[in-house]
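Here is a quick walk through one protein model, written for someone who likes ring geometry and contact lists. Have a look at the structure first, then read on.

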Amino acid sequence: MKLCISALSVVLVLLFVSAAPQLAAKNVNKPRATVVRAADLLSFDHYLKTCPQAEGIIQQKTGDWIQKDFTLAASIIRLHFHDCAVRGCDASILLNHQGSERRAFASRTLRGFQVIDDIKAELERQCPKIVSCADILTSAARDATIIAGGPFWQVPFGRKDGRISISREADSVPQGHENVTALIEFFQVRGLNMLDLVTLSGAHTIGRSSCSSFKNRLSNFNGTRKPDPSLNSMYLNNFLKKKCQKDLDLIYLDAITPKTFDTQFYSNLHKKLGLLSTDQLLKSDVRTGPFVAALASQPSLFESQFAVSMVKLGNVQVLTRPNEGEIRVNCNFVNA
């Protein structure tokens, strides 16, 4: 009998799991102190009095750049993920010095830095020393999603910029070769769950990957002297082997609708068209497979959940307290 799991049931299970600790807490009579999380200090009106035009400037500049080069939409979203994945959303990925995250091997294909620099320069002209690079990158990722055809969500502001950026820490970000357990653990450490993992992977609906990230699947997969059996043979022989001549050659992650923000990425996984092994494994793993099926069949669910998961991503380990971080004048360098 074929097992069918509806999107509604998946959501209900997650709601139950997330509510369980709260239900258990009601049975404990001992009063508990209220803990204010760093993300709770973010607000939608953070720049209302100090730089009310901030969001508009970010949106306009982001749109101008993507209009010239559509591939920057995915690049900005990816840059935001790489930032939040290491030390939280503190713009540490933007720091450009010897030994920084930006100089790491894992960051070699990151793009979009010039977009953030352009936005920052304009904001410094209009609102000097007010808007953080971390807030700029978080908001630009939202605007890039919208321009690409994805959902809108409100971005809370108030992040500060970090002063530390270490190359070896950036190399811990998933590179397309990990197993699902490693991916789940990577996300959980950052306060993100399996649904967030599968949903945020959906950003690959408009992204590209360098051939170095999946060339191990094309031949001699895991030492077998054969291609990865989970990779569609026609896709492999008629397209990938011809297009991947060099490690840094770029291939769209969504082979069918690479310039449309949609759920085709998930449908592709059912046809063995996942470019990265990490993407294809999301479909075959019993823990994440039901989420793939749900998101593939219900575009509205994907869009609404993508917005929720992006908000959660943007709140990871943010610096918001008085003794934390700074507002950089130049996103590439810490303040003197």
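What follows goes from the overall picture to the aromatic rings, the annotated histidines and a few single residues.

## The overall picture

First things first: this is a predicted model. The average pLDDT of the protein is 91, and 90% of the residues score at least 70. The weak spot to keep in mind is residues 1–31, where pLDDT stays under 50. For that stretch the model has 10 contacts beyond four places in sequence.

As for the fold, the protein has 13 helices and 2 strands. Of its 336 residues, 50% are buried. If you take the contacts with a separation of 6 or more, 75% of them come from residues 24 or more positions apart. The exposed area is about 16600 Å², with carbon and sulfur atoms supplying 57% of it.

## Aromatic rings around Phe 306

How many aromatic pairs does a search of the whole structure find? The count is 10. One of them is Trp 153 with Phe 306: the ring centres are 6.2 Å apart and the planes sit at 70°, so this pair is edge-to-face. Trp 153 belongs to the loop between α5 (133–147) and α6 (167–170), while Phe 306 is in helix α13 (residues 299–314), so the pair ties together parts that are 153 residues apart in sequence. Trp 153 counts as buried at 7% relative accessibility, and Phe 306 is buried as well, with a relative accessible area of 0%.

Phe 306 also pairs with Phe 261; here the centres are 5.1 Å apart and the planes at 75°, so this one is edge-to-face too. Phe 261 lies in the loop between β2 (250–252) and α10 (264–269), 45 residues from Phe 306 in helix α13, and the pair links distant parts of the chain. With 5% relative accessibility, Phe 261 counts as buried, because the cut-off is under 20%. Put the rings together and you get one aromatic cluster made of Trp 153, Phe 261, Phe 265, Tyr 266, Phe 302 and Phe 306.

## Arginines over rings

Two phenylalanine rings have an arginine over them. Arg 102 lies over the face of Phe 113, at 3.8 Å from the ring centre. In the other case, the charged end of Arg 190 sits over the ring of Phe 186, 3.6 Å from its centre.

## Two annotated histidines

Which residue does UniProt give the feature "active site"? In the unreviewed entry, that feature is at His 82. His 82 lies in helix α3 (residues 72–85) and is buried, with a relative accessible area of 5%. Leaving aside neighbours within four places in sequence, His 82 is in contact with Glu 101, Ala 106, Leu 110, Val 173 and Gln 175.

His 204 is covered by the UniProt annotation "binding site", again from an unreviewed entry. This histidine is in the loop between α8 (194–201) and β1 (208–210). Is His 204 buried, partly exposed or exposed? At 23% relative accessibility, His 204 counts as partly exposed, because buried would need a value under 20%. Not counting residues up to four places away in sequence, His 204 touches Leu 253, Asp 254, Phe 265, Leu 276 and Asp 279. Phe 265 is a name you have met already, as a member of the aromatic cluster.

## A buried leucine

Leu 240 sits in helix α9 (residues 233–243) and is buried, with a relative accessible area of 0%. Beyond four places in sequence, Leu 240 is in contact with Phe 214, Leu 218, Leu 231, Tyr 235, Ile 251 and Leu 275. For Leu 218, 22 residues away along the chain, the C-alpha atoms of the two leucines are separated by 7.9 Å.

## Backbone oddities

If you check backbone torsions, look at two arginines. Arg 87 has a phi near 65°, a positive value in a residue other than glycine. Arg 87 is in the loop between α3 and α4 (113–126) and counts as partly exposed, at 32% relative accessibility.

Arg 225 is not a glycine either, yet has a positive phi of about 65°. The loop between β1 and α9 holds Arg 225, and at 77% relative accessibility Arg 225 counts as exposed.

Terms used
Residues are numbered from 1 along each chain as its sequence is written. This is a predicted model: local features need pLDDT of at least 70, side-chain atom pairs count only at pLDDT 80 or more; totals for chains, interfaces and linings use all residues. Side-chain values use heavy atoms; hydrogens and water are left out. Rings of Phe, Tyr and Trp (its six-membered ring) pair if their centres lie within 6.5 Å; planes under 30 degrees apart count as stacked, over 60 as edge-to-face and the rest as tilted. Helices (H or I, at least four residues) and strands (E, at least two) are DSSP runs, numbered from the N terminus. Buried means under 20% relative accessible area, exposed over 50%, partly exposed in between (1.4 Å probe, protein chains only). A charge sits over a ring if NZ of Lys or CZ of Arg is within 6 Å of the ring centre and within 35 degrees of the ring normal. UniProt positions are given in the numbering used here, feature names are shortened, and annotations may be inferred rather than shown by experiment. Contact means heavy atoms within 4.5 Å. pLDDT is the predictor's confidence in each residue, from 0 to 100. Accessible areas come from the Shrake-Rupley method with a 1.4 Å probe; for residues, only the protein chains shown count as cover.
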